[in-house]
Amino acid sequence: QVQLVESGGGLVQAGGSLRLSCAVSGRTFSTYAAGWFRQAPGKEREFVAAISWSGGTTNCADSVKGRFTISRDNAKNTVVLQMTNLKPEDTADYSCAALPTRRMYFTTTQWAEYEYWGQGTQVTVSS
C-alpha cells in the first residue's frame with residue numbers, strides 16, 4: 001500500500017502564505033512524478049502544480065504562477081507546495097498525487113494519469 005498524507009492546510013487571510021506538505025510512504029517505488037490538485041465546492045478538480053522525480057522540471061497553473069512553488073525532498077519522500085499571496089479564489093481542498101515513472105524530467109497536468117492520491121487538506125482564504 002502506498003500512502004500520501006497532506007498537511008499544512010488551514011485558514012489564512014488574503015495575502016497570507018501557507019506551506020502544504022505531502023508525505024509519501026508504504027510500498028516504495030524508486031521514482032515518481034508528483035502533483036498538486038485542488039477542488040472547490042461545485043467545481044471540477046483543477047491542476048495546481050507538478051514536479052518531476054528529479055526535481056528538474058516543474059509546472060504551475062497560470063492562476064498560481066509567481067505565487068506558488070512546488071519542490072521535493074526525495075531523501076524524505078516529501079513534496080511541498082509553498083503558497084504565497086493567497087487569494088480567496090484559492091480556497092479549495094488540496095490533494096497531492098504520485099505517478100511512478102522512470103523518466104527523470106516527466107510531469108503531467110492530467111489528474112487521471114496519477115495513480116496514488118492523498119486524502120486532501122483544506123485551504124480557506126478569507127477576504
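I looked up the secondary structure first and found zero helices and 11 strands, where helices (H or I, at least four residues) and strands (E, at least two) are DSSP runs numbered from the N terminus. The model is predicted, so local features need pLDDT of at least 70 and side-chain atom pairs count only at pLDDT 80 or more, while totals for chains, interfaces and linings use all residues. Residues are numbered from 1 along each chain as its sequence is written, and side-chain values use heavy atoms, with hydrogens and water left out.

Next I checked the overall form. The radius of gyration, taken over C-alpha atoms, is 14 Å, close to the 14 Å of the globule rule (2.2 Å times the number of residues to the power 0.38) for 127 residues, so the protein is as compact as a globular protein of that length. I noted that the C-alpha trace spans about 40 × 25 × 25 Å along its principal axes.

Then I turned to the inside, where buried residues (under 20% relative accessible area, with a 1.4 Å probe and protein chains only) make up 45% of the 127 residues. The largest nonpolar core, a set of buried Ala, Val, Leu, Ile, Met, Phe, Trp, Tyr and Cys residues joined through side-chain atoms within 4.5 Å, has 38 residues, of which W36, L81, M83 and Y94 touch the most other members. Among the elements that give two or more residues to this core are strand 4 (32–39), strand 8 (78–83) and strand 9 (92–100), and strand 9 gives the most, with six residues.

Last, I followed Y94 and, leaving aside residues up to four places away in sequence, found contacts (heavy atoms within 4.5 Å) with residues including W36, L81, M83 and V123.

Technical notes:
Buried means under 20% relative accessible area, exposed over 50%, partly exposed in between (1.4 Å probe, protein chains only).
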